[in-house]
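Please read the points below with the model open beside you, and take them one at a time.

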Amino acid sequence: MARAGRRPDHAAGPRDPSALRRGITHGSAGGALEARRSLAGNCLVALAFFLIAAGAQAQIVSTRIWPAKEYTRVTLESKAEIKFTLFAVKNPERLVLDLEGVELGPALAELDGKVATGDPYIDKLRVGRNRPGVVRLVLDLKAEVKPQVFALKPIAEYGHRLVLDIYPVVPPDPLAALIEADGKAPKRDDRAEKEAAPPPPDKPKVARMATIVIDAGHGGEDPGARGRHGSREKDVTLTIAKRLKLLVDAEPEMRAVLTRDADFYVPLQTRVDKARRVKADLFVSVHADAFIKANARGSSVFALSERRATSEAARWLAKKENEADLIGGVNIDVKDRYLAQTLLDLSQTATIDHSLRLGNAVLGEIGQVNTLHKAQVEQASFAVLKSPDVPSILVETAFISNPEEEKRLNDDAYQDQLARAILAGIKHYLAKNPPRPQLPLALTN
Ligand SMILES: [Zn+2]
């Protein structure tokens, strides 16, 4: 088996038992008595550590696979950190993940049964004991892939997690996909013609089709808030987002793009990037609130605050929503950081002003179908609202922690009413603020 990949640097850490043993041998050959004494002490500690490390095999307590078009994630959860080596093998394409000091328990053994037949990247997965103290996972792939492996520290209900993300070699271009999937997308020439033609009398001039990015909060490893009857925010938000997409797409001058269309985690910055890459006119993030008090109820709409949250509760909520990346899991090393401060300063103030206008329009409509938690658009520092050039709002549709509202959030008719209310708000906003010709700023990727 040829090793095509490179062993990640952090795989061979100071806890590598062979490195410890080498250290002991060299150290014992040293000179002065005192040095020798302290070395002997170190040796004992090191030896004891090695024995513990060798004796106590780490147990994988849970395994999960989140297949999606954009990437498939394999998560191994354990009580202690796992040492690993990942490498790729060609002809046929495979990934090999060696886990050191890990026991082949039931959670690992059942992993192969968790590969969905429709998984875009993994064909089969095999788990077996490779050599003493090493369990090997072999993933038979459907195509060449770009893997990323990283560890996540314990948070919320999760312990240590080892995450293997399998990306396509060429990532799908959201803009190309949008144009291809959307028959309504005007060709460049049509658009120019449309813009040149005089507007029909008494109708606001629509320069071009408005692109609305709809963001279903949370997903995959990050369930979001949970209702008392077990509803998960990530499921409710996806259903409402999909409903809203259908409604938006049915409008002649609008089209919708989802930041996720299935149950997988999308990092907060990636949600922002997606909106900018499709040159979104508006960004609407859909959530369902939770609070310690079960009687908290009502819908709220948020815009970004550059400085302080408008209320204590808004700050608390923003902190909680921003923790999504810690729970859902982001590989910090590859996190996109293109949002330069200058770019932000240039247009953020104007964008927030438009976000507030959009928020007010949506809040007014939602007030017709549900109690409002707050009568005004609130402001807080939500990471997902930080596009410098796309008016963005976050809608907390209702309190999933309130049993009565949880029931409504799962109700078809109510979900439809909510989606229609958000659409009506968007349409009000667009009637007064038709999509402008794209600024050069919005064209930069
Ligand atoms: Zn949320």
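The numbered points below deal with the model itself, its cores, one helix and one loop residue.

1. This is a predicted model, in which local features need pLDDT of at least 70 and side-chain atom pairs count only at pLDDT 80 or more, while totals for chains, interfaces and linings use all residues. Residues are numbered from 1 along each chain as its sequence is written.

2. The largest nonpolar core (a set of buried Ala, Val, Leu, Ile, Met, Phe, Trp, Tyr and Cys residues joined through C-beta atoms within 7 Å) has 61 residues, and those with the most contacts inside it are Ile212, Val362 and Ile422. Its largest share, 8 residues, comes from helix H12, residues 412-432; helices (H or I, at least four residues) and strands (E, at least two) are DSSP runs numbered from the N terminus.

3. Leaving aside residues up to four places away in sequence, Ile422 touches Leu244, Val284, Val362 and Val395, where contact means that the C-beta atoms, placed from the backbone, lie within 7 Å. Apart from this core lies another of 25 residues, including Phe84 and Tyr121.

4. Among the buried residues of H6 are Val236, Leu238, Ile240 and Leu244, and what covers the buried residues of this helix includes strand S9 (210-216), strand S11 (282-289) and H12.

5. Glu251 is found in the loop between helix H6 (233-249) and strand S10 (254-258). Why is Glu251 partly exposed? Glu251 has 17 other C-beta atoms within 10 Å, whereas a buried residue has 20 or more, an exposed one 12 or fewer, and a partly exposed one a count in between, with C-beta atoms placed from the backbone.

Methods. Two residues are in contact if their C-beta atoms, placed from the backbone, lie within 7 Å.
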